[in-house]
Amino acid sequence: MTSHLAENLKLLCSHYRSIAEVCRKLAINRAQFNKYLGGQSRPTPFNLKRIGDFFGVEGYELEMPPEQFARLVGARHPEAQALPRTDPLLTLLQPLREHAASLSRYCGYYFEYANCMSVPGSILMSLVHLREEDGLYLFERQERQERASPTLGDAEDWVRCRYLGAAFGLQDRLFLIDYESLTLNEMSQTILIPSFKSRITRLNGMKTGVSSGDRRTPACTSVVWEYLGREINRVSAYRQVMLYSPDDPRIDPEIRERLATPHVEKGLFGIE
C-alpha cells in the first residue's frame, strides 16, 4: 500500500468529528480501518469502493499524491471542512453543547422507574446507561414488556424497546432527549433534578412521550432514576427490566409513593 492512500484517507477523515464516527458510518471495523490509516494494510477492492463512494471520490483518486488530492477535494467540495457542521440539526444544538455543564459525575447505569404509558396502572422498570463520548453525553435505555397476547408456541414473549439519546446539563437540570431505535416511530423527553449530595442515589424528574397503543396517546409521568454504579452485571440487571404492579414488594415504597402522587397546580403537572 502506498503512503498516499493513508495520507489521503486521513485528510478525508479530518472532515468528520472522529475516526469512530467514520467507522460507524462505513460499518468498517475500527481496528482494521486504523491499519488503512497507518499504511499497514490495504482495503480490499470492495472496501475501497465503499470508502470512495462514502467520501465521494474514485478509488484511483485515493492513490494520488496528497497535494494533488487535496486540491481535488477542495475543488470538488470547497465546503467539505464544514459539511458535518452544516447539518441544520447539529447547528441547532451547537449552542447547547457549548453551554451545557459537565455530566461526568452522573455517568453510569440506572434503573428507571416510571408509570407505563402503554399499560396504565403498571410501573415500568428500564435499564439506562449514561456515558461520555467525544465530549458529548449519550445514553441508552432498554425496556422490556410482556406481550399482551403471546402467540402460541412463540418463544419471544417480550416486546423489547431500545432508546438512544443525548443528555444536556442546563442550569441545574438534566435534559434528556431520545428516540426508539428499533421502530423509529417515537421520541421522548426526560427532565431530571440533579443530586447535590456527594453520593448519587436517586434522581427525580418527569418524562413525556406517547403510548405504544393504537391511539398513541401523548402522556407524561413522574420518573425516578436509581443509580447502580459505573460498572454492573448487565445480565443480572436486565433480568429485572419488566412491568411491575404498583404494590409489588420489589418496588421501594418511596419510589412507589413518588410515582403515585401527581402534583397539579393551575393545570400544570409538576414535581416537588
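Trainee: How do the residues of the lining of the largest cavity divide into nonpolar, polar and charged?

Mentor: Keep in mind that this is a predicted model. The lining is made of Tyr-109, Leu-127, Val-128, His-129, Glu-140, Gln-142 and Arg-234. Tyr, Leu and Val count as nonpolar and Glu and Arg as charged, so His and Gln fall among the polar ones. The division is therefore three nonpolar, two polar and two charged.

Trainee: Which element gives the largest share of the lining of the largest cavity?

Mentor: Two elements give two or more residues to this lining, namely strand 2 (123–133) and strand 3 (136–146). The largest share is three residues, and the element they come from is strand 2.

Trainee: What volume does the largest cavity have?

Mentor: Here is the idea behind the search: rolling a probe the size of a water molecule over the atoms shows where empty space is left. Across the whole structure, one cavity of 30 Å³ or more turns up. The volume of the largest cavity is about 30 Å³.

Trainee: And the largest pocket, how much space lies in it?

Mentor: Its lining is made up of 37 residues, and those nearest the centre are Arg-17, Arg-97, Leu-136, Leu-138 and Ala-166. The lining residues divide into 18 nonpolar, six polar and 13 charged. The space in the largest pocket comes to about 1300 Å³.

Trainee: Which element gives the most to the lining of the largest pocket?

Mentor: The elements that contribute two or more residues include helix 2 (19–26), helix 6 (88–99) and strand 4 (158–169). With seven residues, the top contributor is strand 4.

Trainee: Which residues of helix 2 are buried?

Mentor: A useful rule comes first: an α-helix has 3.6 residues a turn, so residues three or four places apart point the same way. To count as buried, a residue needs under 20% relative accessible area. In helix 2, the buried residues are Glu-21, Val-22, Cys-23 and Leu-26.

Trainee: How many residues apart in sequence are the parts that Glu-63 and Arg-42 tie together?

Mentor: Side chains of opposite charge can pair when their charged atoms come close. Glu-63 and Arg-42 do meet in a salt bridge, at 2.5 Å from N to O. Glu-63 sits in the loop between helix 4 (45–55) and helix 5 (66–76), and Arg-42 in the loop between helix 3 (30–38) and helix 4, so the parts they tie together are apart in sequence by 21 residues.

Trainee: Is Arg-42 buried, partly exposed or exposed?

Mentor: Buried means under 20% relative accessible area and exposed means over 50%, with partly exposed in between. The value for Arg-42 is 39%, so this residue is partly exposed.

Trainee: Where do Arg-202 and Glu-226 lie?

Mentor: The side chains of these two residues, Arg-202 and Glu-226, form a salt bridge of 3.7 Å, N to O. The pair ties together parts 24 residues apart in sequence, because Arg-202 lies in strand 7 (residues 202–210) and Glu-226 in strand 8 (residues 218–229).

Trainee: How many salt bridges does the structure hold?

Mentor: Another pair is Arg-131 with Glu-133, at 3.4 Å from N to O. There is also a network of salt bridges that links Glu-112, Arg-141, Glu-143, Asp-178 and Lys-207. The number of salt bridges in the structure is 15.

Trainee: Is Leu-184 buried or exposed?

Mentor: Leu-184 belongs to the loop between strand 5 (174–180) and strand 6 (187–193). Together with Ile-177, Tyr-179 and Met-187, Leu-184 forms a nonpolar patch on the surface, with about 420 Å² of accessible area together. The relative accessible area of Leu-184 is 63%, and the cut-off for exposed is over 50%. Leu-184 is therefore exposed.

Trainee: What is phi of Lys-266 near?

Mentor: Most residues other than glycine have a negative phi, and most peptide bonds are trans. Lys-266, in the loop between strand 10 (263–265) and strand 11 (268–270), has a positive value although this residue is other than glycine. Phi of Lys-266 is near 55°.

Trainee: What separates the C-alpha atoms of Ile-232 and Gly-108?

Mentor: Ile-232 is found in the loop between strand 8 and helix 7 (234–238). Ile-232 and Gly-108 are 124 residues apart along the chain, and their C-alpha atoms are separated by 8.9 Å.

Conventions:
Residues numbered from 1 in each chain as written. Predicted model: local features only at pLDDT ≥ 70, side-chain atom pairs only at ≥ 80, totals over all residues. Heavy atoms only, no water. Patch = residues over 30% accessible without salt bridge, like charges linked within 9 Å, V, L, I, M, F, W, Y side chains within 5 Å. Areas by Shrake-Rupley, 256 points an atom, 1.4 Å probe, with all protein chains shown as cover. Salt bridge = Lys/Arg side-chain N within 4 Å of Asp/Glu carboxyl O. Helix = DSSP H or I, 4+ residues; strand = E, 2+ residues; numbered from the N terminus. Buried < 20%, exposed > 50% of the residue type's maximum accessible area, 1.4 Å probe, protein only. 1 Å grid on protein atoms, 1.4 Å probe; cavity = no way out; pocket = protein on both sides within 12 Å on 5 of 7 lines; lining within 4 Å. Points joined across faces, edges and corners; volume = space filled by probe spheres on them.
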